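The following exercises are to be worked with the sequence and the structure in view. Each task is followed by a solution in steps.

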Amino acid sequence: MERNELYPIFLKLHNINVLIVGGGNVGLEKLSFMLKSSPNANVEVVATKFLPELEALVEKYPSVKLTKAKFKKKMLKKRHMVIACTDDLKVNKRVYELARKRYLICNIADTPDLCDYYLGGIVTKGNVKIAISTNGKSPTTAKRLREFFEEVIPEDINKMVENLNEYRKTLKGNFEEKVQKMNEITEGLKKK
């Protein structure tokens, strides 16, 4: 049986520099997805032309910059993460190859073989965030799971998280004792 071996991480996109190459529908989708989860992400979008919807979106986010130009190798300087989503596979492949030479993580839209990471489904309720991956096999399944979790996770879960955080600060004892006490308190979350 095939197994999903992706390692999930939660990036602080306001602390790193992201480059998106492509200003069309896919660029809009990738940027929208990113900003929904990380509204203060440091992003530069490079393209020879931009969809009006993408331009309108960027107006609401001061940490996002649009650069009207063809992609150039020097645009990868001082980046941590790259997404290429132009309608020209040759350009996308060039972005990927140059990014790899600089040890940058890169995602080439709709080309799993040229991706170091995937952008999965995300559910956010306050401080609780759940990422969903189908290993790049079925975005539709990830979407349905996201909708399911959005429906079943209570809106007030953030209150519970904050209350438990405050309680955790009051606990005495060593690490193992604290973990045991927190496990006892949260045991009810497993019950159906």
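**Exercise 1.** Determine whether threonine 67 is buried or exposed.

*Solution.* The relative accessible area of threonine 67 is 18%. Buried means under 20%, exposed over 50%, and partly exposed in between (1.4 Å probe, protein chains only). Threonine 67 is therefore buried. Leaving aside residues up to four places away in sequence, threonine 67 touches Glu44, Val45, Val46, Ala47 and Phe50; contact means heavy atoms within 4.5 Å.

The model is predicted: local features need pLDDT of at least 70 and side-chain atom pairs pLDDT 80 or more, while totals for chains, interfaces and linings use all residues. Residues are numbered from 1 along each chain as its sequence is written, and side-chain values use heavy atoms, without hydrogens and water.

**Exercise 2.** Place threonine 67 in its strand, and state which strands stand at the edges of the sheet.

*Solution.* Threonine 67 belongs to strand 3 (residues 64–68); strands (E, at least two residues) and helices (H or I, at least four) are DSSP runs, numbered from the N terminus. The open sheet has 5 strands in the order 3-2-1-4-5, with parallel pairing. Strand 3 and strand 5 (105–108) each have a single partner strand, so one side of each lacks a neighbour in the sheet. Two strands pair if DSSP finds at least two bridges between them; strand 2 (residues 42–47) is joined to strand 3 by 5 bridges. Across this pair, valine 43 stands opposite valine 64.
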